[in-house]
Amino acid sequence: MFWKRAKLPSQAVPTGIYSELTRWLPAERLITDPSELRVYECDGLPLHKETPAAVALCASRDEVVGVVRWCHEKRIPFVPRGAGTGLSGGATPVPRGVVIDVNRMRNILHIDLENRYAIVQPGVINIKLTQAVESQGYHYAPDPSSQKACTIGGNVAENSGGPHCLKYGMTADHILGIEVVLPDGEIVRLGGPLADNGSYDLVGLFVGTEGTFGIITEVTVRLVPTPQATRTYLAIFDEMSRACRMVADITRQGILPAALEILDQRVIHAVEDSVFKAGYPKDAAAVLLVEIDGFEAGMLEEEESIKRIASDSHAIELRVAKDGKERLQLWKGRKGAFGAMGRIDTDLYVLDGVVPRTRLETVLQEIYKIADTHGVKLSNVFHAGDGNLHPNISYDGRDPDERARVFKAGREILEACVKAGGSISGEHGIGVEKMDFMPLLFTKEDMELQIDLRHAIDPHELSNPCKIFPDSKGCIEVGKRQAHMVPL
Ligand SMILES: Cc1cc2nc3c(=O)[nH]c(=O)nc-3n(C[C@H](O)[C@H](O)[C@H](O)COP(=O)(O)OP(=O)(O)OC[C@H]3O[C@@H](n4cnc5c(N)ncnc54)[C@H](O)[C@@H]3O)c2cc1C
């Protein structure tokens, strides 16, 4: 589907009405100027853009409550926003809606290492939490490659992953409690630092709901001890298929590495030509980053296994990071890969499909073929251990023909993942990007059940409407874009 910028339907909201929000926050933190609003027209997915009516830069829970209550009273939709690094359009504004930005709520409120948890505001940047506790031997495990920018609130809303989630689990495995401002402005606290209280897992229900259940204003997260020893390897291959086979062999032999990440040749070139240069060989067809961690005593045995499997998989070379500096250097390329892709073209569409590990090789071949058929520039960098592919399409967003081809290729790629027994999202969520692909995975009844659940929390679909589900009742077609109905 080719989406056009939405035009406002006839029952447009009088623009002056948004200035009422200055009752809850200072005027300088309410944006209504059209040129400033453009900053918020998309997240990390530039294929979908929409200008909001207003952006409320909230700095406290009370401000969030005030803005949400006002939206509820006026039946005006709102979109929660953290750092805006999402890759599925979750924070894309809706027409006439208010973006509620919680980026300024950045305090780490409490750290308890004896009980291994921390309480943070939603705008805390992911890596800042680890930096606050690492000198004491702890860290916050979920590490999206965007961790220098993305917020913990955004991570909870997307149930984000990251290279080390292979061993340590996704965000959902690390969230103990949350405070949420529900879509009518009511504040609820779910879970807490102590283990399960025996009731329904309501924290689990809220994690991954992409801002459709209200706004998270506080998060209690698990902290985990930093492993005693870590080893990082770079396996170099002249064929992508061999790198994929090494991944399957490692897991088949019962080894659970901390991370298994593959980069293809186009990504290697982009990285090596950029400030994220990591020393990856440019003539390699693929490189596989392998990291193991645990007790020092067990390292030698696992290292021997990795060496043997690399040799059996016909790796041209297996490099070992000699020290922490070399380890960071190897990771710099992987973590900076999406940024480096800015060298290939003006825009980047990062897809997020999952396949069984054993199907990586064949699905990748199919994906490269789809890209050739549509004449789009494809590269791949992905969480191979999880079977979580990130096919990236670099394109010029100003060229409508190229954009149309990007949409077509994107759809076919995700269809190929589903056909291989996989899924349309490993960690980036559905947002606006994949709403139309939900029927590939779910029946009408499955989706209705999920929408009923949503309506139990947000009957008017005010919180991040027109996302996730293709046929939400609160949305109407405006051009080819869905817009929330505002009954004024
Ligand atoms: C270079 C790059 C690398 C990335 N690597 C990874 C990766 O390895 N793994 C991964 O999983 N993702 C990755 N991402 C995607 C993205 O960083 C994550 O989805 C992240 O969790 C988004 O956080 P954010 O603060 O930017 O949220 P936003 O983009 O602002 O919002 C994301 C969603 O969460 C909702 N939301 C935000 N804050 C709140 C809140 N307080 N309450 C309720 N809802 C809220 C929004 O409405 C939206 O639906 C990457 C992105 C980039 C640009």
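Helices (H or I, at least four residues) and strands (E, at least two) are DSSP runs, numbered from the N terminus. The model on display is predicted: local features need pLDDT of at least 70, side-chain atom pairs count only at pLDDT 80 or more, and totals for chains, interfaces and linings use all residues. Residues are numbered from 1 along each chain as its sequence is written, and side-chain values use heavy atoms, with hydrogens and water left out.

**Stop 1: the ligand and its shell**

Select the ligand, then the residues near it, where "near" requires a heavy atom of the residue within 4 Å of the molecule. There are 35 residues around the ligand, and Pro 80, Thr 85, Ser 146, Thr 151 and Ser 160 come nearest. Which helix supplies the largest share of this shell? Helix H4 does, with 5 residues. Colour H4 (152-158), strand S3 (78-81) and strand S10 (215-222): each of these supplies at least two residues of the shell.

By class, the shell has 12 nonpolar, 19 polar and 4 charged residues. In this scheme Ala, Val, Leu, Ile, Met, Phe, Trp, Tyr, Cys and Pro count as nonpolar, Asp, Glu, Lys and Arg as charged, and the others, Gly among them, as polar.

**Stop 2: backbone atoms beside the ligand**

Next, display polar contacts, which are pairs of N or O atoms within 3.5 Å. An oxygen atom of the ligand lies 2.6 Å from a backbone N or O atom of Pro 80. For Ala 83 the corresponding distance to a ligand oxygen is 2.9 Å, and for Gly 90 it is 3.2 Å. The protein covers 95% of the 970 Å² of accessible area that the ligand has on its own, by the Shrake-Rupley method with a 1.4 Å probe.

**Stop 3: the sheet**

Now select the open sheet of 5 strands, whose order is S5-S6-S10-S8-S9 with antiparallel pairing; two strands pair if DSSP finds at least two bridges between them. At the edges are S5 (108-112) and S9 (187-191), each pairing on one side only.

Select S8 (residues 175-181), which pairs with S10 over 6 bridges in the antiparallel sense. Glu 179 has Glu 218 in S10 as its bridge partner. S8 also pairs with S9, over 5 bridges, and there the partner of Ile 178 is Leu 190. What do S8 and S9 form? They form a hairpin with 5 residues between them, and Gly 185 in the turn has a positive phi of about 100°.

Terms used
Polar contact = N/O pair within 3.5 Å; in protein donor to acceptor, adjacent residues only side chain to side chain.
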